[in-house]
Amino acid sequence: HLDAAPAEVVACSVFEDERPPRGTAGLLDWRLAGRLGRLLESGFLRGVRDEVLLLPGRPRLVADKVLVFGLGPRESFDELAFDHVVGLLLDRLEGLGARSAIVELPGRQTPRLAAEDAADRFLTAVTARDGSFDGFTLIERPEDQKRVTQHMIEARRRLRRL
């Protein structure tokens with residue numbers, strides 16, 4: 001439901017060795033009439049680490065912009081790669097002046113990093129910034145959404161006790 005949460009940017013990622021694109025990139029490819037798939041097929045977008053592609057989102061999406069981040073090979077993706085891509089994502093959002101975004105956390109289209117761990121790492125990176133963002137909508141599968149929500153509730157309770 002990409003249109004349910006208003007945001008300036010939708011951000012997703014693709015692996016270098018995974019075709020067709022999966023997760024949010026696959027949904028965006030469909031919503032953008034196959035544009036991502038064609039860019040991948042032509043080699044213009046390869047999915048290599050540190051690669052960033054900016055596409056217009058309108059008129060097919062509520063968001064003005066789409067950011068696609070390359071993750072490199074699927075097998076080499078780990079927590080360090082996650083942290084690196086999140087830093088790149090936050091840098092690009094700040095550079096665009098975006099205050100809100102719909103984000104599929106890097107690599108979450110695979111089970112390599114648990115949803116709770118990914119959310120924690122993302123929130124740690126965001127809070128290390130100077131408050132330049134108004135809000136994020138994280139894309140997760142329904143079962144993972146429930147786990148992340150429960151995890152965040154428990155974390156808040158722990159903080160209140162301290």
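Which residues line the second largest pocket? The close-up views below, drawn from a predicted model, take up that pocket along with its neighbours in the list of spaces.

**View 1. Lining of the second largest pocket.** Ala119, Phe122, Leu123, Phe136, Leu138, Glu140, Gln145, Val148, Thr149, Met152 and Arg156 form the lining. The space inside comes to about 260 Å³. By class, the lining holds seven nonpolar, two polar and two charged residues.

**View 2. Elements around the second largest pocket.** Three elements, α4 (115–127), β5 and α5, each supply at least two lining residues. The biggest share comes from α5, which gives five residues.

**View 3. The largest pocket and its centre.** This pocket has a volume of about 420 Å³. Its lining counts 18 residues. Closest to the centre are Thr24, Ile139, Glu140, Arg141 and Gln145. Glu140 and Gln145 also appear in the lining of the second largest pocket.

**View 4. Elements and residue classes at the largest pocket.** α1 (23–31), β5 (135–138) and α5 (142–161) each provide at least two residues of the lining. Here α1 gives the most, with three residues. The lining splits into seven nonpolar, six polar and five charged residues. Both β5 and α5 also supply at least two residues each to the lining of the second largest pocket.

**View 5. The largest cavity.** The structure holds one cavity of 30 Å³ or more. About 40 Å³ of space lies in the largest cavity. Its lining consists of Ala11, Cys12, Ser13, Phe69, Val85, Leu89, Val103, Glu104 and Pro106. Two elements, β1 (9–14) and α3 (79–96), give two or more residues to this lining.

**View 6. Strand β1 at the wall of the largest cavity.** β1 contributes the most to the lining, with three residues. Ala11, Cys12 and Ser13 are among the lining residues, and β1 spans 9–14. Val85 and Leu89 also line the cavity, and α3 covers 79–96. In total, the lining has seven nonpolar residues, one polar and one charged.

Methods:
Residues numbered from 1 in each chain as written. Predicted model: local features only at pLDDT ≥ 70, side-chain atom pairs only at ≥ 80, totals over all residues. Heavy atoms only, no water. 1 Å grid on protein atoms, 1.4 Å probe; cavity = no way out; pocket = protein on both sides within 12 Å on 5 of 7 lines; lining within 4 Å. Points joined across faces, edges and corners; volume = space filled by probe spheres on them. Helix = DSSP H or I, 4+ residues; strand = E, 2+ residues; numbered from the N terminus. Nonpolar A, V, L, I, M, F, W, Y, C, P; charged D, E, K, R; others polar.
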